[in-house]
Structures are given as structure tokens and as C-alpha cells.
Amino acid sequence: MSHQPPGALRQLLGLLRPFWPTVSVATLLGMLGGLSITALLATINNGLHNEGGLQQGVVLAFIGLCVVALLSSICSDIGTNYVGQHVIAALRKQLGEKVLAAPIEQIEQYRSHRLIPVLTHDVDTVSDFAYVFAPLAISLTVTLGCLGYLAYLSLPMFLLVLVAIGIGSVIQYAARAKGIRGFVAARDAEDQLQKHYQAIAEGAKELRIHRTRRQRMLNHGIRATADGIRDTQVRSINTFVIAKSLGSMLFFLVIGLALTLQSMWPANDKTVISGFVLVLLYMKGPLEHLITTLPIVSKAQIALRRIAELSERFSSPEPHLLLENAPGSSGQAVNSLELVDVTYTYPASPGVEPFSVGPVSFKVQPGEILFIVGGNGCGKTTLIKLLLGLYEPSQGHVAVNGQAVVASTRDDYRQLFTTVFADYYLFDEVIGGEQAAPDDAQKYLARLQLAHKVQLLDGAFSTTDLSTGQRKRLALLNAWLEGRPVLVFDEWAADQDPTFRKVFYTELLPDLKRLGKTIIVISHDDRYFPVADQLLRLERGRVVAETEPA
Ligand SMILES: Nc1ncnc2c1ncn2[C@@H]1O[C@H](COP(=O)(O)OP(=O)(O)OP(=O)(O)O)[C@@H](O)[C@H]1O
């Protein structure tokens, strides 16, 4: 993927905007440092040709210039580092917020193996740039100061240097264009590598018991991708290195040319040629620094493009999604929960007919248990994502207490639910309802037959190193601790042993029902279907049977 949205520079400027006073002062100080160094060079050059060496006044000026150059470059460095680190922190926070606020469909489509490298690798690359930013500014101002001094010394020689810099810039520009193409290809391959890493971490067990797959993963996956990245990076860096060496040689050519011209056309003032050589030799350092930093700048540019692409993808955050200082749950009582003629269609992908669910209507009330049943892939999870307000219906609406859920109320609406998805994520910390006392937790842990394994310490589980079924029981603990009115379980019992499965359907669900909870269960356990007050059977996204309480 080498899609390149145009917003990289705009994004960088946007991030720098709050720090413009510091950036301006740091840049001005950097320029002052650069100019002081140029003035020092001029003083040294004059001193070289002055019979009596440096006069007392000049010595004081020399010391003054040293102090100014030292202090201004230190302060400029500190200022730009401060800004750089704040920009990185702002970027990290901004990206985190974007992911937290992005519609679920967008996150599902982006894929985690592409998301994580942007949040880690690309932000780190921009952070590398933050460290070179200050020296870069100083090198640039020293180079400009030196050029100014050269122009003051001799206009023809200054023009000669400008021509040389022009030739050098063309070489650098060509090298940079070639290098950037390589860096973009390498960055694309990084996503692929991340996908392989994810596979070897999450599929460790499967790979251990399948030699052919393991070897294929190693040879065609990790080795081939890592070697590909290495070769592309080596080629790109080599291009920069050759261009840098050519540029370096250009300096000596210009110095040689100037000395030759001088012997052909001797200058009256010896300070001109010595100053010229002195400045050029000094300028070589900062100018080379500028050139060697080009790869870092190019990489930062690519990273910024990736970040801008992610920002653009996630640029339509859910409106009214409260990220700060909002109450944990909406506190609203639920008298009824309804889906009214709801339909939803997944975005089309090439060559595949997009899956649609609906139109579906149902109503469920407190103290009721609704089962959603049907074969694999018939749309049960999609339906509960619609019910939970994670997907917005293409048509129809979801209503609570007869009121349609709209964008401004959707986040509050979601706080009515405690959910255990089939692919749930078990957080270490327990963020319980206000009434969640540790005594209660201990009681429920015992009920879930986990009291001998897990304890609640400082609001976190003492361990989550448990069996699959035990981890899922731990996820269920939230059903009590959060105290929310609607509970949704997506194939919760699938990983439980027959005894505890029975406990779930015949004891825990009825207990929760008695507490007045509204309960929605996705289930394949047909022997427990009678537990349900309502049963909704789906087939290819359509409701084919609905059973209401007698
Ligand atoms: N993110 C997605 N993008 C596109 N299509 C999707 C996406 N997620 C699911 N689908 C499609 O929607 C269909 C229904 O998926 P869903 O997860 O709702 O089924 P399910 O009834 O819960 O299945 P199971 O019992 O296997 O969990 C699937 O056939 C799948 O192709």
C-alpha cells in the first residue's frame, strides 16, 4: 500500500502550531548561534592576517561571540527538543483518541497488523526526526551564515560556491527521490512483517505442530520479508551515501578551483582567499550534516504520510463520543429495548457479495431472556453489534424506552450494556459499578468457581493466567460488578464444561433475570432453548422463526 494522502506536512504544522512561540525563539536562537559562528570565523580570518594578532577589543568580542554561540545553540537545542518531545506526545495522544473514537467498522477494516506499526514504528520514526531537528536548524543557519560571509568576502567566489551547491543539490535531489521510493517500499513491507509476527505470536501452538507451515512461515514469511526490507534499505542508504561522498568531493573541487583561479588572477587581499578556504572547510561539516540527515527526514516524511493516512481514515469520529469526565454508566432505567425494521450491509469487498442482515424487529423487556440462534455466519453477532449501537443501521432504528437512539444519545445508550463477546478482550482491571464492593466480588468469584484461583487486589484480577473457560467466567463477573441493566452474551457457554454450562443456563441466567436484568444470549445449545422467553432464529441474515412467551 503506498497510498499517500497529502496531509503529512499539514499535520506536522498543525502539531507545531501550539508551540509556535518556542519554535520561533529556538529558530531565532539557532540563527543567532549560526551567525555568531560565522562572525567568529571572520574574526579568526582577520586575526590570521593581522600582524599583532588579536587586539584587546577584538579578544573581548571573540570571547563574547563564543559565549553567544554557546548559549544560543544550547538554548536552541533545548527549545527544539522540548517542542519535539511535546509534538510526539501530542501525536501519540491524538492517534490514541482517534482510534478510541473511530467507528467500529473503520477499525475492523483497517486491520490491527496495519494499525500497530503506525502507532509504534511510525511515531518512533517521527520521534527520531525530533532529535535531529535542533541540530538541523543550527546546521542550516550556520550554512546560510557562511554563505553570507562568502558573499561579503568575494561575490565571484560566492557565485562559484552557489554553482557547486546547485550541482550538489541536483545530485542530492535525484538520490533522495530514488531513496524515498526504496523507503516507501520498505515501509510497506514492514506491515507485512508485522502480520507475520502477529501470526507467530498468536499461532505459536499451531505452528509448533505443523512443520511445513512453520518452515513456510519462516522462509516465505519472515526471512523473505526481512531480507526484502534489508535489501531495499541497503540500496536506498547506499544511494544517499554515494550522493553524500560526491557532494563532499565537490567541496575540494571548489577549493581547488578557487586556488587555481587565484594563481591565474591573484587577489589583492589575502584575507579573501584564506577566509574563503576557512569558511568552506568549516561549512563542509554543517552542510554534510544536512545531507546525512536527509534519509532521516525522508523516513520521517513517509512515517508522517502513514500517520496522516491513518488520521484521514479515522477522521470521522463518532459524534458525541465522550472520552473524558463522563459518568461510567448512563444510570438510565430500561423498560424496553427494540429493534425496528433494522437492516445493515457490510461494505462490499472485491469479488464478494456483501453480507446483509435484516430487516429485523424485536422487543425485549426487563426480566426477559432473548435467545438469538442460527447457524454459523447467519448474522447473530452482526445483529448484536447493531443492538449494542456499535454499528449504525443502514435502515430502521434501535429504540430504548420507545425513544429512537440517535448519534447524540448512542454513547449513553451503550453504557446500558455489559457484554461478553465471542472474541472478548479480558481487561486486567475491574472497573465496577459504584456499588461494587470487594465482598460482592468474592461472593461472585465463588459462584463462578474461581475463588480458589483468582482474587481481586486493588481493583485488578490477581491473575488472568487461566483456562479458556475460566477466563470467560472472569469476563462474566462484570455482569454483577458493573450493575448495568442489559446483559449480552455471545456464545458465552461454548467454552464451558457441561456441568457449568448447566449452571449458566439454569441458575445464573434465571438469577440475573430475577434481578430484573434484560438478557440477550447468542446460543447454539438447543437443549437450553426453553430457558428463553423469546427466541429469534436467523438464517442468512433474515429472521426465519420467532417464538414469544406463551
Ligand atoms: N467486518 C466484516 N466485514 C465484512 N463482512 C463481515 C464482517 N464481519 C462479518 N462479516 C460477514 O457477516 C456474516 C455474518 O457474520 P456474524 O459474525 O454476524 O455471524 P454469526 O451468526 O455470529 O456466526 P457464528 O455463529 O459463526 O459466530 C459472515 O458471513 C461474514 O462474512
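Begin by selecting I372 and I520: of the 59 residues in the largest nonpolar core, these two touch the most other members. Helix α14, residues 468-481, supplies the largest share of this core, seven residues. The model on display is a predicted one. In soluble globular proteins, nonpolar side chains tend to be buried together.

Keep I372 selected and add its contacts. Setting aside residues up to four places away in sequence, I372 touches K380, L383, I384, I520, I522, L536 and L538. A second, separate core of 22 residues can then be coloured in another shade; L41, A137, M157 and V279 are among its members.

**The ligand**

Next, select the ligand and the residues around it. Which residues surround the ligand? They are E108, Y346, F355, G374, N376, G377, C378, G379, K380, T381, T382 and A422. Helix α11, residues 380-387, gives the largest share of this shell, with three residues. By character, the shell divides into four nonpolar, six polar and two charged residues. K380 deserves a label of its own, as it belongs to the shell around the ligand and is also touched by I372.

**The whole chain**

Now zoom out and colour by domain. Domain 1 covers residues 8-313 and domain 2 covers residues 337-547. The C-alpha centres of the two domains lie 52 Å apart. In a cartoon view, the chain shows 15 helices and twelve strands.

Turn the model to follow its principal axes: along them, the C-alpha atoms fill a box of roughly 115 × 50 × 45 Å. The radius of gyration of the chain is 34 Å, whereas a compact globule of 550 residues would have one near 24 Å. Buried residues make up 32% of the 550 residues. Among contacts with a separation of 6 or more, 81% join residues 24 or more positions apart.

**S274 in helix α9**

Select S274, which is placed in helix α9, residues 270-292. Is S274 buried or partly exposed? S274 counts as partly exposed because 16 other C-beta atoms lie within 10 Å, while 20 or more would be needed for a buried residue. Leaving out residues up to four places away in sequence, S274 touches N45, L48 and H49.

With S274 still selected, draw a distance to L383. The two residues are 109 apart in sequence, and their C-alpha atoms are 81 Å apart in space. L383 has already appeared on this tour as a residue that I372 touches.

**Two loop residues with positive phi**

Most residues other than glycine have a negative phi. The last two stops depart from that pattern.

Select N401 first. N401 lies in the loop between β4 (395-400) and β5 (403-404). Its phi is positive, about 50°, although N401 is not a glycine. N401 is exposed because 11 other C-beta atoms lie within 10 Å, and the limit for an exposed residue is 12 or fewer.

Then select Q449, found in the loop between α13 (438-447) and β7 (456-457). What is the phi of Q449? Q449 has a positive phi of about 60°, although it is not a glycine. Q449 counts as partly exposed, with 14 C-beta neighbours inside 10 Å.

Definitions and conventions
Residues numbered from 1 in each chain as written. Predicted model: local features only at pLDDT ≥ 70, side-chain atom pairs only at ≥ 80, totals over all residues. Core = buried A, V, L, I, M, F, W, Y, C linked by C-beta atoms within 7 Å. Helix = DSSP H or I, 4+ residues; strand = E, 2+ residues; numbered from the N terminus. Contact = placed C-beta atoms within 7 Å. Near = placed C-beta within 6 Å. Nonpolar A, V, L, I, M, F, W, Y, C, P; charged D, E, K, R; others polar. Domains from an automatic or database assignment. Rg over C-alpha atoms; globule rule 2.2 N^0.38 Å.
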